[in-house]
Amino acid sequence: MSAAALDPKGFNKLYLNGEYVAAKGTETYALRNPKDNSTVTADVPIASAEDVDAAVAFAEAAFRGPWSKFTAVQRTECLLKLASLLDDELTPILTLDSQTSGIPVSLAPVRERTYIKNCLVYYAGWTDKQKGDYFPADDGFVKLVRHEPLGVCAAINPFNGPLATLFLKTAPALATGNVIIVKPSEKTPLGSLAIAPLFAKAGFPPGVFQVITGAGSTGALLAEHMKIRKISFTGSLTTGRKIQELAARSNLKRVTLELGGKSPAIVFADANLDNALTWTVNGILTRSGQLCVAASRVYVQREIADVFIQQYVERMKAASNDFGDPQDPGVKFGPLVDEGQLARVTAMVDKARNDAELVVGGARLGTTGCYMEPTVFLNPKNDSEIYKNEVFGPVSIIKTFDTEDEVIDMANDTEYGLTSGVFTRDIARALRVSAAIESGVVGINCVSVQNMQVPFGGKKQSGVGREFGEYALRLFTEPKTVLINMAA
Ligand code: NAD
């Protein structure tokens, strides 16, 4: 394992066509470590229209040139080589990212590494399985269907899982023969820049994978670019809507949107209580609640409500002691990403005091850095902001219910539909409720969990399209029909 720490100040260039290059745009910005607001680096470049055009031109040249000659097996070899390079290289890169994301490095050995490596290995196995179709010439035409790559794709990523998101988009894009430009969040760009040269080491030709940095203005340049054929976006609902509009107004590029959530966890009286508590508490505290799949609404059946709420609240209160320096491998939970996010979360919590009963937390944790106390509200008003909107912090609400029908209505009374969880020992009820819940993923006796083999994405306003599994491949390819006139 390479132990060398990476210097954040070394990542002040864009990664274009297989090398780090100075941005043509002269604007830069600084990044701070949310654990103490110290400056991490002072000059992250903001890519200009000229930089974006250059990236797209390199990407097009790679797509039509050397990359188009790669066989499926060669693409597999590149993806597997990249996965093996990460054995040594990933931990220092995740540690670098942690300095601006506040994501604890304790998550790196298991959660982040497994996730990222599995993603590459999984999609490496799909390159040669993009089979098409054949229809016989019973009407005088042989019909063939090919699944072709879209061309130049762009990933626009959120702050809260920078590298995992990068690979979830890049691996299926490259497995199917596309090329990709990644724009990480302006809050967490360093790991994406640091990982870029590994693609060249793994054998991907220059221009196949590129990284440009910048804020929403740079993202908008990608979304409205006439030569980009697809945007794969993960982020907030507000931005997702803007991207969809820019895509429609420019070249009708394909758009996949992975957006926010307000995920319900439903705990029936017959559930394994300890299991339900463990999943629901972890489901709101992991990454300090900055998780699209966070279990932010908990519904508990009346018969067990007192005991469940008491133990849930105790665990949330005790978890305050597990927050600390995200760069310390012994620390479980870190700060929110920046002062802006802390201000946003505390404002929502302050407002919620009038709409629900605060039973634990409710304030900033400590006096240094962007830490927020684990916070629980009971019985919020149905139309309150805390009940309706995504908080993206360690803040949950609990409501009590009596019947299955009642809780299904409560869980579905939202415009979000990303994930959910049902806790019960009754398999028939688990299947009934999982069918009735309006979300893209339902966990039974688990929540806030994803799996590489199966589609992940949102119903309703939580998203458009799916990532993970075979489904992601379909959204990075398009069918082409070839008609062969047998009479000619
Ligand atoms: P955000 O929408 O603020 O930013 C996401 C990205 O969009 C950033 O790279 C940003 O620079 C870019 N952007 C901003 N304005 C843009 C514009 N006008 N045009 C193009 N790009 C623009 O989101 P965030 O705060 O970084 O991330 C948090 C959100 O992401 C939460 O809502 C969370 O639920 C969601 N999220 C969803 C998933 C999922 O898989 N469904 C996963 C992680 C995060």
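Student: In this predicted model, in which helix does K81 lie?
Tutor: K81 can be placed by its contacts as well as by its element, for when neighbours within four places in sequence are left aside, K81 is in contact with K201 and A202. As for the element itself, the one that holds K81 spans residues 72-101 and is helix 2.

Student: How far apart in space are K81 and G203, taken C-alpha to C-alpha?
Tutor: Along the sequence, K81 and G203 are separated by 122 residues. G203 follows helix 5 and has a positive phi, near 105°. Taken from C-alpha to C-alpha, the separation of K81 and G203 in space is 8.0 Å.

Student: Is K81 buried or exposed, or does it fall in between?
Tutor: Buried means a relative accessible area under 20% and exposed means over 50%, with partly exposed in between. The relative accessible area of K81 is 38%, so K81 counts as partly exposed.

Student: Why can helix 5 be called largely enclosed by the rest of the structure?
Tutor: The buried residues of helix 5 include L190, S192, L193 and F199. G191, which is found in helix 5 (residues 190-201), is buried as well, with a relative accessible area of 0%. Helix 5 is described as largely enclosed because, of its 12 residues, the number that are buried is nine.

Student: Which residue, 98 positions from G191 along the chain, has its C-alpha atom 5.3 Å from that of G191?
Tutor: Setting aside neighbours within four places in sequence, the contacts of G191 include L96, D97 and L163. The residue asked about is also in contact with G191, and the one whose C-alpha atom is separated from that of G191 by 5.3 Å is I93.

Student: Which residue does UniProt mark with the feature "active site"?
Tutor: The UniProt entry is an unreviewed one, and it places the feature "active site" at a single listed position. In the model that position is found in strand 11, which covers residues 254-258. The residue given by the record is E258.

Student: What is the relative accessible area of E258, and is E258 buried or exposed?
Tutor: E258 touches residues from several parts of the sequence, among them F233, T234, L418, F456 and R466, when residues up to four places away are not counted. Buried means under 20% relative accessible area, and E258 is therefore buried, with a value of 3%.

Student: Which residue in the loop between helix 7 and strand 11 is worth locating, given a positive phi of about 55°?
Tutor: The loop follows helix 7 (237-249) and leads to strand 11. The residue in question is not a glycine, although its phi is positive. With 57% relative accessibility it counts as exposed, and it is L252.

Student: Where is N17 found, and what is its phi?
Tutor: N17 sits in the loop between strand 1 (14-16) and strand 2 (19-21). At 29% relative accessibility, N17 counts as partly exposed. N17 is a residue other than glycine, and its phi is positive, near 50°.

Student: How far apart are the C-alpha atoms of E404 and I266?
Tutor: E404 belongs to helix 12 (residues 404-412), and it is buried, with a relative accessible area of 17%. Apart from residues up to four places away in sequence, E404 touches F268, R429, R432 and V433. I266 is 138 residues from E404 along the chain, and their C-alpha atoms are separated by 9.6 Å.

Student: Which domain does UniProt place at residues 21-482?
Tutor: Over residues 21-482 the chain is 40% helix and 20% strand, and the C-alpha atoms at the two ends are 42 Å apart. According to the unreviewed UniProt entry, the domain placed there is "Aldehyde dehydrogenase".

Student: What is the radius of gyration of the protein chain, and how does it relate to that of a compact globule?
Tutor: The protein chain has 14 helices and 20 strands, and its C-alpha atoms fill a box of roughly 75 × 60 × 45 Å along the principal axes. Of its 488 residues, 57% are buried. A compact globule with 488 residues would have a radius of gyration near 23 Å, and the protein chain agrees with this, at 23 Å.

Notes
Residues are numbered from 1 along each chain as its sequence is written. This is a predicted model: local features need pLDDT of at least 70, side-chain atom pairs count only at pLDDT 80 or more; totals for chains, interfaces and linings use all residues. Side-chain values use heavy atoms; hydrogens and water are left out. Helices (H or I, at least four residues) and strands (E, at least two) are DSSP runs, numbered from the N terminus. The radius of gyration is taken over C-alpha atoms; the globule rule is 2.2 Å times the number of residues to the power 0.38. Buried means under 20% relative accessible area, exposed over 50%, partly exposed in between (1.4 Å probe, protein chains only). UniProt positions are given in the numbering used here, feature names are shortened, and annotations may be inferred rather than shown by experiment. Contact means heavy atoms within 4.5 Å.
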